[in-house]
Every structure is written in C-alpha cells, then in structure tokens.
Amino acid sequence: MASTTAAAAGNGSGSILPTHTIAATAPPFRTHKDADLESRRRRRRRRCLCCCLLVTLVVLLVLAITLLVLFLTVLRVRDPTTRLVSTRLIGLSPRLSFPAMSVQLNVTLLITVAVHNPNPASFTYATGGHTDLTYRGAHVGDAEIDPGRIPSRGDANVTMALTLQADRFAGDLTQLVSDVMGGSVALEASTRIPGRVAILGVFKRHAVAYSDCHFVFGVTEMAVRSQQCSDRTKL
C-alpha cells in the first residue's frame, strides 16, 4: 500500500492522464438521411427557379401579344378624311414686270379644310405643311399651312392662304378662258403635312399626312361645286 502511494506521488499529479484525445474541430458525421434531405432541398430550389422563369416568360409573351393586338386593332393608324369647307377671295395683287412690260396678276384665296381624325391618337404638326395647286398638270399656286393640332377622334379646321399666279395659266390660257366661260374650273390640290402622333399620350411617332383632292370651282358662285379627296397617313 505504501509503495503504491509513493508511486502516485512521484508522478507529480493526483490524476491519471488520458491515453488519447478527440479533436475539437472534427466535422460532424453526416448520415445518409442528411444527404438525401439536402438533395431534396436543392431540387426544390431548382424547381422554384424554373417556375419563376417560366411564369416570367409567360407574362412577357402575353404582354407582347396584347400590345401586338392593340397596335393592329385599337391603336392602328387610320387615314384621316378631309373636306373642303369654303373658298374665299381675299386679295388681288397686280404686278408690272420689266423690261417685258407685262402685267401679272396674283389671286389669293382663303381656303378652309375640315379634317377628321379617326385615330385614338392626336396629330400635332408644326411648320412644313404645304399645298400645291395644279391646273391641267401645270403648277399654278401654292400655300403654306400654319402649325396646329388635331385631337384624337376629333375634328379641326385647317385654314390656308392659297396664292394663284395668273401668269402660270398662260400655257393653257385658251382652255382656261373656255372653262371660265363654261362656268367651272377643275383644279387639283396636293397637300403634305409632316407631324407627330401621340398614342395614348405615351407612344409618339413621326407621321406624314397626305391629301390629294380634285375639285371643281364654280365661277358664278365663286365656290366649290364638287370635290373628291384621297387621304392617307404614312408613319
């Protein structure tokens, strides 16, 4: 008994040292059940991601189809219609030219045209609108169109001062005299108006409105007897 106590005291410690230690940083042991659970979680995340992408693509496709249908039906740009309302004589300007000593006469007519816009888009036009008047193929007059705006699905009057240059009728003077004596003069008017259309106040596009009119001017009543117009819009 005494020798045992002495041996213990000789070691300098009152306890027995362990023969091995367990590392504190050793990773926990993963079972087959844990690996299967993690695999299911990954598959679930992939399915959710695929579903989100699929839903996004479907929404974008539906939106694109909706916009296409709107632009082909409701928002499709339709041609405006024009109607000559009145023509009024507002000026005569004789001019003497040298050295030929010839007298030229310019006639100014105030023309009012009613325009109907059937589109759900307003049409705004600045400077640049122009009308050319021809008589039997000869250019005999022109007019500048002031800036304006035609509301969506609305009407507006376009007024222009058209100047006729009498000397340009010289090539068909005999025919002109015959038409005047007959009481009517047939004329052609070609109009071009550049502007911008605003669809729903959001979509803005450049557009040009064209109008080609054939009308018969009555000499005795100084008014338009008949007219036929062809209108179109180019985006």
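Tutor: Let's start with the vocabulary: helices (H or I, at least four residues) and strands (E, at least two) are DSSP runs, numbered from the N terminus. With those terms, the protein chain reads α-α-β-β-β-β-β-β-β-α-β-β-β along the sequence. That pattern holds 3 helices and 10 strands. This is a predicted model, in which local features need pLDDT of at least 70 and side-chain atom pairs need pLDDT 80 or more, while totals for chains, interfaces and linings use all residues. Residues are numbered from 1 along each chain as its sequence is written, and side-chain values use heavy atoms, leaving out hydrogens and water.

Student: What makes A209 buried or exposed?

Tutor: Buried means under 20% relative accessible area, exposed means over 50%, and partly exposed lies in between, with a 1.4 Å probe and protein chains only. A209 has a relative accessible area of 13%, so A209 is buried. This residue lies in strand β9, and its C-alpha atom is 9.8 Å from that of R196, 13 residues apart along the chain. Across the protein chain of 235 residues, buried residues make up 27%.

Student: What makes a set of residues a nonpolar core, and which residues have the most contacts inside the largest one?

Tutor: The set must consist of buried Ala, Val, Leu, Ile, Met, Phe, Trp, Tyr and Cys residues joined through side-chain atoms within 4.5 Å. The largest core that fits has 31 residues, and those with the most contacts inside it are I111, F123, Y125, L133, Y135, M160 and L164. Two or more residues each come from β2 (102-117), β3 (121-125), β4 (129-135), β5 (138-145), β7 (154-165), β8 (184-199) and β9 (203-218). Strand β8 gives the largest share, 6 residues.

Student: How do you know that D179 and R136 form a salt bridge?

Tutor: A salt bridge needs a side-chain nitrogen of Lys or Arg within 4 Å of a carboxyl oxygen of Asp or Glu. For D179 and R136 the N to O distance is 3.4 Å, so the pair fits. D179 lies in helix α3 (residues 173-182) and R136 in the loop between β4 and β5, so the bridge ties together parts that are 43 residues apart in sequence. With a relative accessible area of 12%, D179 is buried.

Student: How many salt bridges does the structure hold, and which residues besides D179 and R136 form one?

Tutor: The structure holds 2 salt bridges. D212 and R232 also meet through their side chains, at 3.3 Å from N to O. Here D212 is in strand β9 and R232 in strand β10 (residues 223-234), distant parts of the chain that are 20 residues apart. D212 has a relative accessible area of 32%, so this residue is partly exposed. R232 is partly exposed too, at 38%.

Student: Why is the phi of R136 worth pointing out?

Tutor: Most residues other than glycine have a negative phi. R136 is not a glycine, yet its phi is positive, about 55 degrees. Another residue to look at is R153, with a positive phi near 50 degrees. R153 is found in the loop between β6 (148-150) and β7. At 54% relative accessibility, R153 is over the 50% line and therefore exposed.

Student: Why are L54, V58 and V62 called a nonpolar surface patch?

Tutor: Patch residues need over 30% relative accessible area and no salt bridge; nonpolar side chains (Val, Leu, Ile, Met, Phe, Trp, Tyr) are joined within 5 Å, and like charges within 9 Å. The areas come from the Shrake-Rupley method with a 1.4 Å probe, and for residues only the protein chains shown count as cover. L54, V58 and V62 make a patch of about 270 Å². V58, for one, has a relative accessible area of 44%, so this residue is partly exposed. Its place is in helix α2 (residues 32-72).

Student: And what makes the surface patch with R44 positive?

Tutor: Lys and Arg count as positive and Asp and Glu as negative, with His and the chain ends not counted. Each charge is placed at NZ of Lys, CZ of Arg, CG of Asp or CD of Glu. R41, R43, R44, R45, R46 and R47 gather in this patch of positive charge. R44, also in helix α2, is partly exposed at 43% relative accessibility.
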